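Please open the model in your viewer and keep the selection tool at hand. The tour below moves from one stop to the next, saying at each what to select.

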Amino acid sequence: MKQSTQLLAAAVMGGGLALTAGNLQAMENASFNYVGSWSSLSLYQNFERPFWEDHLPEASDGAVSTQVTTFDQMGLGGGEVYRLMGRGVLEVVSTVAGYAVQDAPELEGLDMPMIAPDLDLARQLADAYKPVMADAMAERFDGAQLLAIVPYPSQMVFCNAEISGLDDLAGKKIRASGRTTAEFLEALGAEGITLNFSEVPGALQRGVIDCAVTGSLSGYSSGWHEVSTHLYPLPVGGWDHVVTAINGDKWNGLSAEMQEWLMDEVATNYENAVWEAAVEETREGIACLTGTGECGRGDAGSMVLVEASDDDFTNATRHLEETVIPRWAARVSQQWVDRWNETIGEITGITASR
């Protein structure tokens with residue numbers, strides 16, 4: 001058995017043998033306790049839970065066993081799960097990176113408002129910044145290993161007020177999806193409001209806020225179209241990337257073969273699948289919110305779809321360069337600014353400086 005394991009490891013290192021259920025017998029069994037993101041949303045229901053609960057045990061022919069829940073089902077806020085994972089309280093976790101920026105401001109560098117208007121560019125930026133995110137996760141959370149970065153659908157603006165473009169957000173109270181989004185909204189002349197996701201529909205209905213930012217499909221699933229009238233479809237809140245990471249001790253306790261197999265399974269059957277679906281989920285969310293297109297998830301709403309102008313893109317870039325990125329750069333050390341410039345900055349042509 002020892003010789004078989006050594007041959008397997010050598011083949012993997014040389015790229016000559018894919019790790020499949022058939023040759024997983026050469027590796028130890030493994031179990032994972034997984035804590036996912038919002039239980040009510042499509043990402044968890046259609047991707048996270050099926051992958052961790054069903055796919056991994058099946059793909060490993062029973063060598064891997066899992067227990068799966070979500071942070072909201074555990075009564076946790078999304079912001080503390082990385083901290084608990086780093087301490088070994090949780091093993092594998094997924095949450096919106098923006099929820100954890102108080103602990104790791106480097107994570108904010110991935111998802112700036114309006115920096116990636118389309119999903120192709122968002123994926124390119126995420127792939128480029130992934131090694132930076134991995135190093136930040138390891139440094140901030142006691143050696144944690146990053147496993148995946150996936151997007152929610154485009155984080156757009158829902159308003160219970162008439163708007164015709166980005167400039168019309170000035171003077172409005174808007175629930176932001178994260179700190180950089182709040183800073184971007186404030187640069188526009190709006191007031192960024194912190195509010196739990198579940199509280200938004202009531203706040204929109206009562207006029208406590210004028211607008212709120214979330215993903216198109218998330219907003220539809222949560223009934224935001226019933227309490228708002230206008231939809232601005234560009235990613236004012238970015239893509240709200242959900243980052244999956246595993247406790248460092250747990251990761252280091254796995255064999256090299258199991259690490260290789262798990263990373264490949266996550267990339268192929270979870271990460272890529274979510275990115276591929278995000279385009280359609282963004283489109284379907286808009287269709288379901290506005291009634292402009294086919295909605296296969298229920299009755300469509302009748303929100304007004306607001307078209308973006310060339311001036312919107314110009315102003316968004318200006319606010320990023322003058323306000324949002326400099327503020328972020330001031331919250332991190334120079335090494336992270338340099339790495340941002342070498343990755344996202346190189347692709348977008350935007351330079352960050354402290």
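Select G291 to begin, and keep in mind that this is a predicted model; this glycine follows just after helix α9 and takes a positive phi of about 80°.

From there, extend the selection back over α9 itself, residues 256-290, a helix of 35 residues whose first and last C-alpha atoms lie 49 Å apart, close to the 51 Å expected at 1.5 Å a residue. Centre the view on A267, and you will be at the middle of a kink of about 35° in this helix.

Next, keep α9 displayed and add helix α4, residues 119-140. The axes of α4 and α9 are 10 Å apart and the two helices pack at an angle of about 155°, which is over the 145 degrees that counts as roughly antiparallel, and α4 and α9 are therefore described as roughly antiparallel to each other. Their crossing is right-handed. To see the contact, select L119, A122, R123, A126 and K130 on α4, together with E271, N272, W275, A278 and V279 on α9. Coloured by class, the residues of this contact of α4 with α9 divide into six nonpolar, one polar and three charged.

Now leave α9 and, with α4 still shown, select helix α11, residues 334-348, whose axis comes within 9 Å of that of α4 and crosses it at roughly 165°; that angle makes α4 roughly antiparallel to α11. Here too the label is right-handed, for that is how α4 passes α11. On the α4 side, select L121, Q124, L125, A128, Y129, P131, V132, D135, A136 and E139, and on the α11 side Q335, W336, R339, W340, T343, I344, I347 and T348, which they meet. The residues of this contact of α4 with α11 comprise 11 nonpolar, four polar and three charged.

For the last stop, clear the view and select helix α5, residues 179-187, with helix α10, residues 310-331; which angle do their axes make? The axes come within 9 Å and cross at roughly 135°, and that makes α5 oblique to α10. The crossing in which α5 passes α10 is right-handed. Show the side chains of R179, T180, E183, F184, E186 and A187 in α5, which meet A316, H319, T323, V324, R327 and R331 in α10. By class, the contact of α5 with α10 has five charged residues, alongside four nonpolar and three polar.

Technical notes. Residues are numbered from 1 along each chain as its sequence is written. This is a predicted model: local features need pLDDT of at least 70, side-chain atom pairs count only at pLDDT 80 or more; totals for chains, interfaces and linings use all residues. Side-chain values use heavy atoms; hydrogens and water are left out. Helices (H or I, at least four residues) and strands (E, at least two) are DSSP runs, numbered from the N terminus. The expected span of a helix is 1.5 Å times one less than its number of residues. The bend at a residue is the angle between axes fitted to the seven residues ending there and the seven starting there. Axes are lines fitted to C-alpha atoms, for helices over the stretch in contact, and angles run from 0 to 180 degrees between N-to-C directions. Angles under 35 degrees count as roughly parallel, over 145 as roughly antiparallel, 65 to 115 as roughly perpendicular and the rest as oblique. A crossing is left-handed if the near helix is turned anticlockwise from the far one by less than a right angle, and right-handed if clockwise. Contact means heavy atoms within 4.5 Å. Ala, Val, Leu, Ile, Met, Phe, Trp, Tyr, Cys and Pro count as nonpolar, Asp, Glu, Lys and Arg as charged, and the others, Gly among them, as polar.
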